[in-house]
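Let's look at some packed helices and empty spaces, and ask how each label is earned. Have the structure open while you read.

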Amino acid sequence: MSDPAPPIVLTIAGSDPSGGAGVQADLRAIAVHGHVGAAVITAHTVQNTLGVTHVAPVDARLVASQLAAVFADLPVAAIKIGMLGDAEVAAAVASALSGVRVPVVLDPVLRASSGAELLTAEALRVVRDDLAPLATLVTPNLAEARALLEDEPDAAALSARLGVPVLLTGGHVAGDVVTDVLDFPGEDRQVTLSAPRIPTPHDHGTGCLVSTSIACALAVGSSVIEAVEHGRACVRHGLASARKLGQGRGPVLLLDLPPGVARRA
Ligand code: PLP
């Protein structure tokens, strides 16, 4: 008998033609895990390691029909959602996911580190009200949490507001130690995860990598806490391999799994 098929992880995200973030980075991370990557592109960006100069959301009807085609045929094991671009695309994704019963990791991408807006204000409302409640885990950084809460970023307040677990990532906060906070709504349970910072200027795409690696672990049955610990290990390993690729800020590079982590099918 032939080997069972590897798990399929679907990324719904923007395209970064320089390969450091978005769909390109997600598919690379999914392949490193030994899974099969399916991908629906929500928006095209014009960018390189120096920054983003243009964003063009894909027609929401095309996004909807690509998602329908994938779900009609493939046994998707987990989904990662990244950049959505505009409200129509965000609404199409929310509608396509409403009947889907697999783990969903939502990275609520708002803007590039270089400053370019990757999500409109109207789309933010759709993400908060329609999409986030469908997620297994939402993984904002501080700026994204502030925008979703319309208040000071706080993991417990955000998980209570969204009604789903939240991993508030702290990589953008200066300091020698990076602290992420995982909060579960309606439970007296919060996990603080800290580790020494891995110093590198080449950290483009860390949000994409942590959310995709978490989705890869959820696809093979890990708990949310186990998957978050795995995602953090992948980012740390990727930061240790990050290199200057172009003239600007290079990407975090996950080229193999962290030491001691085996592929799981
Ligand atoms: N471009 C795309 C397509 C993305 O999905 C993202 C982040 O998720 C970015 C750019 C921004 O990456 P960074 O904040 O590392 O610049």
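Q: How is the crossing of α1 and α7 described: left-handed or right-handed?
A: This is a predicted model, by the way. In it, α1 passes α7 in a right-handed crossing. A crossing gets that label because the near helix is turned clockwise from the far one by less than a right angle.

Q: What makes α1 oblique to α7?
A: Start with the angle: helix α1 (residues 22-32) and helix α7 (residues 206-219) pack at about 40 degrees, with their axes 9 Å apart. Angles under 35 degrees count as roughly parallel, and 65 to 115 as roughly perpendicular. The angle fits neither label, so α1 is oblique to α7.

Q: Which residues of α1 and α7 meet?
A: On the α1 side you'll find G22, D26, A29 and I30, and they meet C208, L209, T212 and C216 in α7. Sorted by class, that contact has five nonpolar, two polar and one charged residues.

Q: Why is α2 called roughly parallel to α3?
A: The axes of helix α2 (residues 60-73) and helix α3 (residues 87-97) cross at roughly 20 degrees and come within 8 Å. Anything under 35 degrees counts as roughly parallel, so that's the label α2 and α3 get. As for handedness, α2 passes α3 in a right-handed crossing.

Q: What makes up the contact of α2 with α3, by class?
A: A60, V63, A64, L67 and F71 in α2 meet E88, V89, A92, V93, A96 and L97 in α3. That gives ten nonpolar, no polar and one charged residues. Glu counts as charged, so E88 is the charged one here.

Q: How many cavities of 30 Å³ or more does a search of the whole structure find?
A: It finds two. The largest has a volume of about 50 Å³, and the second largest holds about 30 Å³ of space.

Q: What lines the largest cavity?
A: The lining is G20, A25, R28, A29, G205, L209, V252 and L254. Helix α1 gives the most to it, with three residues. By class, there are five nonpolar, two polar and one charged residues. Gly counts as polar, so G20 and G205 are the polar pair.

Q: What lines the second largest cavity?
A: Here you'll see G82, M83, L84, L106, D107, P108, V109, L119 and V127. They divide into seven nonpolar, one polar and one charged. Asp counts as charged, so D107 is the charged residue in this lining.

Methods
Residues numbered from 1 in each chain as written. Predicted model: local features only at pLDDT ≥ 70, side-chain atom pairs only at ≥ 80, totals over all residues. Heavy atoms only, no water. Axes fitted to C-alpha atoms, helices over the stretch in contact; angles between N-to-C directions. Helix = DSSP H or I, 4+ residues; strand = E, 2+ residues; numbered from the N terminus. Parallel < 35°, antiparallel > 145°, perpendicular 65-115°, else oblique. Contact = heavy atoms within 4.5 Å. 1 Å grid on protein atoms, 1.4 Å probe; cavity = no way out; pocket = protein on both sides within 12 Å on 5 of 7 lines; lining within 4 Å. Points joined across faces, edges and corners; volume = space filled by probe spheres on them.
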